[in-house]
Amino acid sequence: MEQLTLSASTNAQGAITLPGSKSISNRTLLLAALADGVTEIRDLLASDDTSRMLEALQTLGVRLENFAENAWRVTGCNGNFPNKNADLFLGNAGTAFRPLTAALAFAGGDYQLSGVPRMHERPIGDLVDALRQAGANIEYLQNDGFPPLKISPAKLDLINAIKIRGDVSSQFLTALLMALPLTKQKATIEVVGELISKPYIEITLNLMAKFGINVERNGWQSFTIPANSSYRSPGQIFVEGDASSASYFLAAGAIAGDITVEGLGEHSIQGDVRFAEALALMGGHISYGENHITATKADKIKAIDLDCNHIPDAAMTLAILALFADDTTTLRNIASWRVKETDRIAAMATELRKVGAIVEEGADYIKITPPAQLSPNAVIDTYDDHRMAMCFSLVSLGNVPIVINDPNCVAKTFPNYFAEFKKLVS
């Protein structure tokens, strides 16, 4: 296994231009593919996850042209994929697998969707149950409730509201919302229980509106797609910098110096931009511009007790900041960590202990007591999870070397992360 050793450092200075948001990139690619007209997408994230979506759309017959760096021209199929028979391999890309499952359920073709072994362990039953309520014909090819899937043409039935649980993954609701306009019928979705990760639904609704579909909503309880809805190209769309990726650099600034992230501002449509608020609660000094955010060194890092429902991915970075805090930090309402690229609560607890922390984990929380001194030369397992690798790079700012196993797993969202990190730290 490849390893990367990060040297002990105590200073972080400079500016970083963020790669495009994964959440916005893959949603935009699919909406552009489903739209009527040609869409030029600028600043698209170049990563494994977006590559899986691009490959899938090409296999489905969508015309794609890479006309400049991180810029793609997508000729939409007006809700009708040309290829009605396809096998799609989607790696471990949840932001591709879930929305494509829903879109293909209403596409009138025969499809098989599969991924890496971990994707076949990530639950999809709640989405499939919801799609079946609408008449979708979906079979499990191995284990009930999990990929891989076989999809056949649907017999639509949208008279009754479609019910979907809100407490497993917001990607299920996102997938339904994006796919239902393909039916051309009025459709209502009712969320059962509390909806987690609400900001990711805001991203979905915002982008659907840019492509011409305004979803009627009743708070977070129900959503209605008007009859005869259809996606229309907005012509050109720019992808914001990734707010989850911003968290590592903003945290570095708060721990050890002065870092500006560019490509993201206070009015971002991404919920993870609110990581900066959590960072301020922990003592970081934050300032905002229209297209940048700066974090400077905290006088001291303060422990917090925080409900992290609104920043599920960026909350992982708070777990690392807890190592530098003045007392025990508790991060709550993070049950969604358990069904991500790995079981992130268990993985984070295991690896934090390697650097000396005392950790308590529960079904939906993690409690971290920092050590008096970080353990040097800890060897961190990353579980094929990009965010584990990026998070633990920050430990080196505690003036201890750290070894990251399988550092190339960051290719999922940020292929050159470690090169950029090394430019800023000393």
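**A mixed sheet, two helices and a pocket**

In this predicted model, Gly14 sits opposite Ile259 in S15. That pair belongs to a wider match-up: S2 and strand S15 (residues 257-262) run parallel and are joined by six bridges. As a general point, strands of a sheet pair through backbone hydrogen bonds, in either a parallel or an antiparallel fashion.

Zooming out, S2 and S15 are part of an open sheet of four strands, with the order S2-S15-S17-S16 and mixed pairing. The edges are taken by strand S2 (12-17) and strand S16 (285-288); each has just a single partner strand, so one side of each is left without a neighbour in the sheet. From one strand to the next, the twist averages 10°.

Two helices lie across parts of this sheet. Helix H7, spanning residues 243-256, lies across S2, S15 and strand S17 (292-296), and its direction makes an angle of about 160° with S15. Helix H12 (residues 417-424) lies across S2 and S15, in this case running at about 140° to S2. Strands S2 and S15 are thus covered in both descriptions, once with H7 and once with H12.

Then there is the pocket. The largest one has a volume of about 490 Å³, and 24 residues line it. Nearest its centre lie Thr17, Leu18, Pro19, Gly20 and Gly241; of these, Thr17 falls within the 12-17 range of edge strand S2. By class, the lining of this pocket splits into 10 nonpolar and 10 polar residues, with four charged ones making up the rest.

Methods. Residues numbered from 1 in each chain as written. Predicted model: local features only at pLDDT ≥ 70, side-chain atom pairs only at ≥ 80, totals over all residues. Heavy atoms only, no water. 1 Å grid on protein atoms, 1.4 Å probe; cavity = no way out; pocket = protein on both sides within 12 Å on 5 of 7 lines; lining within 4 Å. Points joined across faces, edges and corners; volume = space filled by probe spheres on them. Nonpolar A, V, L, I, M, F, W, Y, C, P; charged D, E, K, R; others polar. Pairing = 2+ DSSP bridges. Axes fitted to C-alpha atoms, helices over the stretch in contact; angles between N-to-C directions. Contact = heavy atoms within 4.5 Å.
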